[in-house]
Amino acid sequence: MSLTQLPAWQALSAAAAQLTATPLAACLDDDERNRQLRLQLNGCHFDFTRQRLNREVIAHLLSLAEQTAVADKTRHMLSGDVINASEQRAVLHTALRGGAQVDTATRQAVEDVQKQLNDVAAQIRGGRWLGFSGKAITDVVHIGIGGSHLGPELAVEALSGYHSSALRLHFIANIDANIFHRVLHGLNPETTLFIIASKSFGTLETKQNALSARSWFIERTNALAGVSRHFIGVTSNVPAAVEFGLDAANLFPMWDWVGGRYSLWSAVGLPLLLAIGEDQFSRFLAGARQADEHLLQASAAANLPTLSALIATWNYNFLGAGSLAVLCYDERLRLLPDYLQQLEMESNGKSVTVDGEKVDYHTMPVLWGGVGTNGQHAYHQLLHQGTRAYTADFILVAGDDRNMRDHHHWLLANALGQSQAMALGFAAAADEPHRHVPGNHPTTTIVLDELSPATLGTLLALYEHKVFCQGAIWNINSFDQWGVELGKELAIPIHAQLSGTVCGEAPGEDSRTAQDPATQGLIDHIKSRH
């Protein structure tokens, strides 16, 4: 039976037609409902009370979780079964933090690599890792893209208050040369260490940036042999990394059962380990492990990832929400929307089921967002008085780490006021229609007790599991990304035309590959301006 034919789906369709005529404010009058929609785990408080649903809808959603076997699929994932069918892989990123039921050999391999990472990090942090000229490392440049970049950069910035080393950490992802030059400007090659994170060691952007970094280093030091002391690799393609010039002893694995956007918990997280040290990194992993245990053990009604995914399904498939805004009321979390864009949209932006059948329902909408209160003076106008249906996650931190209470109270007050306005709106007088704010927009508010390694680990892992549960409901594969490859493949012949070498012919010859008229016109225009 297809998803849209399930009894729970049919019941939700009928309930949506009725509930759209009910103001969200009326839902808030139900105290029992409100208690049911307030959940917490490890210092992360989730308040779903401003979602536009009642107890009847909640019951139908929980039936949907049962009818789509979310709990069974969870056990399959955490047991190491091959759930990534299109690539014939298990999905075991949870094993990196001890949250999966894996065989002894896998568990031992994970522990061994973590010990090696801790040892290398201690050497670098303690000034014992010396460059080719005998000087200690002062700057670390992490080169990756997508999952091997977004997670580490987010975590390093979010946990800036826990940095316990003088190391300066930098990140390069985009192939744009302006980023490369901005990051490396002023760095001393004798005291700079590069981390190259690429599962295949062939990803275009990472490979090009790594080659440029190696050239930058050699040109300034004339020390080809020094590459092995200034470059560390995180990859599953050891031969390619060694050919590049990396010492095999300085390579850390990315197992095929870890997808890029789930790799922060692996050696890809080395920048965070360098920043906060072994003890705090262990707390980060432990926070994520609590989310894993919660996913496996909690009933659907009290299961944060399951409930989050069910409510998202309600918003996207029944209330017509076309986007999810992630509104972070803490500057340290400014990169969280970027991270979640990849996590949610690359995972669940699919149009076929795990069986290859075309879906007849919407899957993941556009995820976007920013930092409050800046956003209030930019796009919140559209959120309050625009015509599009959306949902939003507000993320707050209760603790005041900077001891500036007035600043912090105003920040929190604005977050609560904005979410209140989205829910309740404002009924303007008949002669002032321009002041009318319709409200009835569903939002979730997440309050962290503090922004610590443990709470951040829990929060990110809960979002990971929400993505998994969402894919389980929609019957799609959340762990492949075939659509990403097409544009990369099409870029190859375009690059050949731009660089003047097509099909092996000499530079400068006017040969062309078969391009559509629009693309060829743009290529010709760009070449005329070189």
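User: In this predicted model, is Asn440 buried, partly exposed or exposed?
Analyst: The relative accessibility of Asn440 is 24%. Buried requires under 20% and exposed over 50%, so a residue at 24% falls in between, and Asn440 counts as partly exposed.

User: Which value does phi of Asn440 take?
Analyst: Asn440 lies in the loop between helix H16 (405–424) and strand E11 (443–448). Its phi is positive although the residue is not glycine, with a value near 65°.

User: Where is Ala69 found?
Analyst: Ala69 also has a positive phi, near 60°, in a residue other than glycine. Ala69 counts as partly exposed, at 25% relative accessibility. Its place is the loop between helix H4 (55–67) and helix H5 (70–78).

User: Which residue does a cis peptide bond join to Gly372?
Analyst: The bond has an omega of about 15°. The partner sits in the loop between strand E9 (366–371) and helix H15 (380–385). That partner of Gly372 is Thr373.

User: Is His530 buried or exposed?
Analyst: His530 is found in the segment after helix H19 (517–528). The cut-off for exposed is over 50% relative accessible area. His530 has 71%, so the residue is exposed.

User: How many Å separate the C-alpha atoms of His530 and Gly98?
Analyst: The two residues are 432 residues apart along the chain. In space, their C-alpha atoms are separated by 53 Å.

User: Which residues touch the most other members of the largest nonpolar core?
Analyst: Nonpolar side chains tend to be buried together in soluble globular proteins. Here the largest nonpolar core has 118 residues. One of the two residues asked for touches Leu154, Cys328, Ile395, Leu459 and Leu460, leaving aside residues up to four places away in sequence. The two are Trp314 and Leu336.

User: How many residues does the second, separate core have?
Analyst: Val183, Leu184, Ala213 and Val227 are included in this second core. Its size in residues is 20.

User: What is the radius of gyration of the protein chain, and why does it agree with a compact globule?
Analyst: The C-alpha trace spans about 75 × 60 × 50 Å along its principal axes. For 530 residues, a compact globule would have a radius of gyration near 24 Å. The chain agrees with this because its own radius of gyration is 25 Å.

User: What share of the exposed area do carbon and sulfur atoms supply?
Analyst: Of the 530 residues, 49% count as buried. The protein chain exposes about 23,400 Å². Of that area, the share from carbon and sulfur atoms is 52%.

Definitions and conventions:
Residues numbered from 1 in each chain as written. Predicted model: local features only at pLDDT ≥ 70, side-chain atom pairs only at ≥ 80, totals over all residues. Heavy atoms only, no water. Core = buried A, V, L, I, M, F, W, Y, C linked by side-chain atoms within 4.5 Å. Buried < 20%, exposed > 50% of the residue type's maximum accessible area, 1.4 Å probe, protein only. Contact = heavy atoms within 4.5 Å. Rg over C-alpha atoms; globule rule 2.2 N^0.38 Å. Areas by Shrake-Rupley, 256 points an atom, 1.4 Å probe, with all protein chains shown as cover. Helix = DSSP H or I, 4+ residues; strand = E, 2+ residues; numbered from the N terminus.
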